[in-house]
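Student: I have a new structure open and I'd like to learn how to read it. Could you walk me through some features?

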Amino acid sequence: MAEQIPFITSDDGARIAQRLYADSEVARLPLDRAASLVPLLRPTFKIWLDACVDGMDDPDARRDRPWFTFMKGFAKFEDVAKPTFQERPIASEVQAFVDAILDKCASYKPTWISVPQIPLVTNSDRNKINRALAVAAGKWKRDKGFSGKLILPLIFTHQQQVNGKTARNPKVQQAEKCYHESQADGLWVVERSLVDDSGSATLRNRRLPGIVALHQELNERIPSRIRIAGPYWGLNLVLWSRGLVDYPAIGIGSGYQYFLAGGHAMPPSVRIVLPSLRRRVSVSIQLRAWLDTALTKLGTSHPAYIEFNDIKKQYGNLISPDTSREQVAAFYKRWLDLIANAPKSGRSMALFQDLSAAYALGKSLPDLPDEGTARRPEAVAEPLMLSCL
């Protein structure tokens, strides 16, 4: 079975996963969509159900969302969601909430369930409630005899929490305590504010090295048998190829970053992938003109010429959000398989060489339109390449 874990949040995502990621061992679903999504997946998938508690990051902003209505059905939800309660959590009420929501998760017979946890903040304000939730999950596991695996989420919300070791240390210590108290079997880590294909100048020297160091430090303290990172665009693959995690969490053609439960849906953005550059780009009239320029610059003998020419020919179809999403997802699967086919000990070098080729090609091409800080064609591959070794 393939090691990638698709994060499925919609019916379309489930269909794409069925077509392109059917060899995945595990698929992650949010509890509030489980009733509609589980029937869409073939029985070969092991299901990881997430309890959607991370929406408590800002529950008041979600009162008009279906998520809030769903969560209100669980005992003590509105009490546990209050910041004043989180400062001084009452164990019996936390236990009632955790029992209710984990019982609901277990009713779907998943292989994995997320430990209820609220996203981290820069200070220690949520330490008490997350410890209480972890303790309650561990008691639930003992009392109910749950035979599956519990996965502890570690959801960072800002780069300040991971860029420096001084900021990371208390987060790693808290994670270690929650991991043991919840009797977790695995650890899932994501920095939800990271957009690692943005071309930002901070990616190379601060953000990506900080997250790599975070995983190294967590691995030293937590003897997890299941280690997951992402979804990101490429950093998840870097961490996986380096052996720092066992599973790269992935998007399904869009959403190559993590969105908290119950958030407002983002307006659809039509983006396609330029495979040889290992990056996505926005679809526009200007991009079509850029393809013409790139083709002239490359010449017919260049290996990327056929690829760019095919994209130009299919341009009319690729402007469709559904078609573009499928195109990105299909590329991403090929990319994953390419790295997976290398021996485990050689995956980081294989990914480095793969991204180096994308970097070299990008350096020879003109700026991309409509890409902001990622306008240089090599801007996505470069920081990922430098994080591989």
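**Reading the model step by step**

Tutor: Happy to, and keep in mind that this is a predicted model. Let's start with one residue: Gln-18 is found in helix α1, which covers residues 11-20.

Student: Is Gln-18 buried or exposed?

Tutor: The cut-off to use is that buried means under 20% relative accessible area. Gln-18 has 17%, so it counts as buried. Leaving out residues up to four places away in sequence, Gln-18 touches Leu-40, Leu-41, Arg-42 and Phe-45.

Student: Let's try a strand residue. What can you tell me about Pro-6?

Tutor: Pro-6 is found in strand β1. Its relative accessibility is 0%, so Pro-6 is buried. Again skipping residues up to four places away in sequence, the residues that Pro-6 touches are Tyr-21, Ser-24, Val-26, Ala-27, Arg-28, Ile-250 and Ile-252. You can also compare sequence and space: Pro-6 and Asp-354 are 348 residues apart in sequence, with 22 Å between their C-alpha atoms.

Student: How do I read a whole helix, say α9?

Tutor: Begin with the general idea: an α-helix has 3.6 residues a turn, so residues three or four places apart point the same way. Now the case here. Helix α9 runs over residues 202-221, and at 1.5 Å a residue its 20 residues should span 28 Å. The end C-alpha atoms of α9 are 27 Å apart, which agrees.

Student: Where is the kink in α9 centred?

Tutor: On Pro-209, with a kink of about 30°.

Student: And which elements do the buried residues of α9 pack against?

Tutor: They pack against β5 (149-156), α8 (165-181), β6 (186-191), β7 (226-229), α10 (235-241) and α16 (381-386). The buried residues of α9 include Leu-203, Leu-208, Ile-211, Leu-214 and Glu-217.

Student: Glu-217 is in that group? What does its side chain meet?

Tutor: The side chain of Arg-168, in a salt bridge at 2.8 Å, N to O. The pair links distant parts of the chain, with Glu-217 in helix α9 and Arg-168 in helix α8, 49 residues apart. Both Glu-217 and Arg-168 are buried.

Student: How many salt bridges are there?

Tutor: The count comes to 32. One of them joins the side chains of Glu-3 and Lys-344, at 3.8 Å, N to O. Glu-3 lies in the segment before β1 (5-6) and Lys-344 in the loop between α14 (321-340) and α15 (347-363), so this pair ties together parts 341 residues apart in sequence. Lys-344 has 60% relative accessibility and counts as exposed.

Student: What about Arg-376 and Asp-367?

Tutor: Their side chains meet in a salt bridge at 2.7 Å, N to O. Arg-376 is partly exposed at 26% relative accessibility, and Asp-367 is partly exposed at 39%. Salt bridges that share partners join Asp-367, Arg-375, Arg-376 and Glu-378 into one network.

Student: Last topic: the core. Which members of the largest nonpolar core touch the most other members?

Tutor: Phe-97, Ile-228, Trp-233 and Leu-235, out of 109 residues. Take Phe-97: beyond residues up to four places away in sequence, Phe-97 has contacts that include Val-53, Met-56, Met-71, Phe-74, Phe-77 and Leu-133. There is also a second, separate core of 19 residues, with Leu-274, Trp-290, Leu-298 and Leu-365 among them.

Key. Residues are numbered from 1 along each chain as its sequence is written. This is a predicted model: local features need pLDDT of at least 70, side-chain atom pairs count only at pLDDT 80 or more; totals for chains, interfaces and linings use all residues. Side-chain values use heavy atoms; hydrogens and water are left out. Helices (H or I, at least four residues) and strands (E, at least two) are DSSP runs, numbered from the N terminus. Buried means under 20% relative accessible area, exposed over 50%, partly exposed in between (1.4 Å probe, protein chains only). Contact means heavy atoms within 4.5 Å. The expected span of a helix is 1.5 Å times one less than its number of residues. The bend at a residue is the angle between axes fitted to the seven residues ending there and the seven starting there. A nonpolar core is a set of buried Ala, Val, Leu, Ile, Met, Phe, Trp, Tyr and Cys residues joined through side-chain atoms within 4.5 Å. A salt bridge is a side-chain nitrogen of Lys or Arg within 4 Å of a carboxyl oxygen of Asp or Glu.
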